Amino acid sequence: MYFGRWLQEFGDVCCYRVMIFGHRVMISGVDDMKRILISQPKKYPKPQGEMKFVRALAGDGLVSAEGARHTRQRKIVSEAFHFEAVKKLYPIFVEETEALVQTWVKVCSADSRDGKPTVLDIGQQMSYVTLDIIGLTAFGFAFNCVKGSTSEVRRAYMDIMPMGGLNLIPVLLKTFPVLSLLPLPAFVRAEQAQATLRNLVRRIVDARVLARHDDDEDDGQPKNDLLNVMLRAGAAAPDSKAKLSNEELANNVRTFLLAGHETTSTALSWTHYLLALNPHVRTKLRQQVREKLKGRAPSFEQLSRNEFPYLMAVCKEVMRLYPPVPLTIRVTTTDDEFGGFKVPRDTILILSPGALGRRPDLWDKPNDFIPERWINPDGSIVQTNEKHPFAWMPFLAGERACIGRGFAEKEYMCLLAVIIQHVDLDIAPECPPIRSKSAVTQYPFPKLLMTAKLVQQPTAAG
Ligand code: HEM
């Protein structure tokens with residue numbers, strides 16, 4: 001985490017140069033971040049030139065849109081993430097979680113019969129299950145990664161978004177289209193992968209839009225995925241201009257794949273890593289979850305009522321130390337000042353939730369993994385850091401905050417609650433030394449290999 005180091009070495013405002021891209025100013029003061037994200041977000045938009053890479057991967061959806069286009073899209077898209085909408089999707093989280101654990105149970109049982117340990121690439125496993133979940137919930141598409149599908153679409157997706165990271169080739173091709181004239185196999189493959197995914201999403205969107213004119217049902221069941229909720233919200237909007245076009249719908253579905261997959265996946269990978277390093281936390285978490293769940297998945301209502309404060313505390317503590325989105329980017333639109341330093345107009349600002357989460361003036365023992373810091377004396381969950389309400393910002397805050405936060409938190413807790421009850425994951429002897437690497441997300445690099453052992457289930461007597 002070099003941003004954390006820079007904060008210690010250079011303070012809240014730090015200017016650095018990125019090869020040919022010019023200067024960046026990293027802002028780590030919590031009040032400055034609050035000003036940029038919450039008090040005056042219009043004054044600090046996302047730099048559109050830098051958003052090219054998001055558009056190259058997902059089209060111009062919510063993450064890259066700016067100004068009135070963003071406000072209009074966010075209004076419709078937010079319908080898909082309301083409490084009730086996420087509740088309808090929750091059974092998919094449970095089903096896919098249980099399918100993953102069942103697969104592991106089979107592998108572990110077979111390995112133990114053969115007398116060998118089960119070693120899993122946990123980054124890959126978390127990536128598979130979260131991609132299966134986002135495919136089904138975003139647009140009803142089964143990637144079937146956990147089942148081991150080798151479909152063209154799955155391969156295309158993995159080509160564009162390799163685990164935890166980002167294939168830079170589509171970005172290069174979008175930025176410098178002339179490169180696509182070079183018949184290099186990697187370029188051709190990247191173009192094909194992009195086209196496969198783009199066409200699939202567009203086909204499904206077009207079919208759904210057509211189907212809406214006849215019948216909104218599928219096998220007698222209304223579809224509740226994010227795409228259909230956006231369609232229904234658009235149809236109900238009083239002003240037809242509020243509706244999203246087919247292209248905007250498709251771009252937002254691809255945006256959900258980009259924003260809603262590796263984020264949750266890397267949060268889970270770091271969780272298994274930190275729990276393995278802190279077995280006392282793992283034991284305590286398992287005991288508390290099991291007491292109520294007896295091996296089952298938590299219900300949506302239980303999670304909404306915060307019935308598992310320690311589960312939530314573990315998730316919050318992991319994301320304080322390793323926020324899945326390690327930084328965000330904004331631009332100044334006037335000459336400005338931060339921490340007493342003059343910063344000219346059109347300067348790219350880098351804001352890092354990760355540096356914020358490790359500030360010694362905001363957190364006691366900032367580099368230690370202590371979920372207990374999130375538990376109040378009465379056992380309830382601490383909602384905000386008492387030193388500053390915006391000290392914890394893995395989902396950011398303000399009008400560009402993560403729209404999928406409610407969805408992500410339920411998915412994260414559902415997966416963790418079930419996995420922790422059934423499997424012990426420990427760092428495998430063959431696991432290389434792990435460090436944090438940042439691309440689209442911040443992920444455990446090079447490969448998180450863990451041994452999996454089944455946990456004995458409680459008897460009927462408890
Ligand atoms: C642990 C999981 C997640 C984390 C930590 C996270 C974090 C973030 C952050 C930091 C942003 C702001 C990015 C920026 O402005 O540069 C963001 C935006 C966004 N996220 Fe998430 N996210 C998570 C999961 C999800 C999921 C599951 C979805 C969708 C299913 C989602 C959809 C989005 C969208 C659409 C935006 C753009 C919002 C806008 O600009 O209006 N995220 N997320």
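The following questions and answers go through the ligand shell, the nonpolar cores, the sheets and the helix packing of a predicted model.

Residues are numbered from 1 along each chain as its sequence is written. In this predicted model, local features need pLDDT of at least 70 and side-chain atom pairs count only at pLDDT 80 or more, while totals for chains, interfaces and linings use all residues.

Student: Which residues come nearest to the ligand?
Tutor: A residue is near a molecule if its C-beta atom, placed from the backbone, lies within 6 Å of it. The ligand has 24 residues around it. Those that come nearest are G260, T263, T328, C402 and G404.

Student: Which helices each supply at least two residues of the shell around the ligand?
Tutor: Helices are DSSP runs of H or I with at least four residues, strands are runs of E with at least two, and both are numbered from the N terminus. By that numbering, the helices are helix 11 (246-259), helix 12 (262-277) and helix 17 (405-422).

Student: How do the residues of this shell divide into nonpolar, polar and charged?
Tutor: Ala, Val, Leu, Ile, Met, Phe, Trp, Tyr, Cys and Pro count as nonpolar, Asp, Glu, Lys and Arg as charged, and the others, Gly among them, as polar. The shell around the ligand then divides into 16 nonpolar, six polar and two charged.

Student: Which residues of the largest nonpolar core touch the most other members, and which helix gives the most to this core?
Tutor: A nonpolar core is a set of buried Ala, Val, Leu, Ile, Met, Phe, Trp, Tyr and Cys residues joined through C-beta atoms within 7 Å. Buried means that 20 or more other C-beta atoms lie within 10 Å of the residue's own; 12 or fewer is exposed, and in between is partly exposed. Of the 96 residues in the largest core, M230, V253, L311, M413, L416 and A417 touch the most other members. With eleven residues, the helix that gives the most is helix 17.

Student: Which residues does L311 touch?
Tutor: Contact requires C-beta atoms, placed from the backbone, within 7 Å. Residues up to four places away in sequence are not counted. On that basis L311 touches L285, V289, M413, L416 and A417.

Student: At what angle do the axes of helix 13 and helix 15 cross?
Tutor: Helix 13 (residues 279-293) makes its contact through V281, K284, L285, Q288 and V289, and helix 15 (residues 309-321) through Y310, L311 and V314. Axes are lines fitted to C-alpha atoms, for helices over the stretch in contact, and angles run from 0 to 180 degrees between N-to-C directions. The two axes come within 9 Å and cross at roughly 145°.

Student: What is the strand order of the open sheet of three strands?
Tutor: Two strands pair if DSSP finds at least two bridges between them. Pairing is antiparallel in this sheet, and five bridges join strand 10 to strand 13 (residues 449-454). Strand 3 (118-121) and strand 10 (423-427) are the edges. The order is 3-13-10.

Student: Which helix lies across strand 3, strand 10 and strand 13?
Tutor: Helix 12 lies across strand 10 and strand 13, at about 80° to strand 10. The helix across strand 3, strand 10 and strand 13 runs at about 85° to strand 13. That is helix 5 (residues 83-113).

Student: In strand 9, which residue is the bridge partner of T328?
Tutor: Strand 6 (328-331) is an edge of the open sheet with the order 1-2-9-6. Four antiparallel bridges pair strand 6 with strand 9 (residues 348-351). The partner of T328 is L351.

Conventions:
Two residues are in contact if their C-beta atoms, placed from the backbone, lie within 7 Å.
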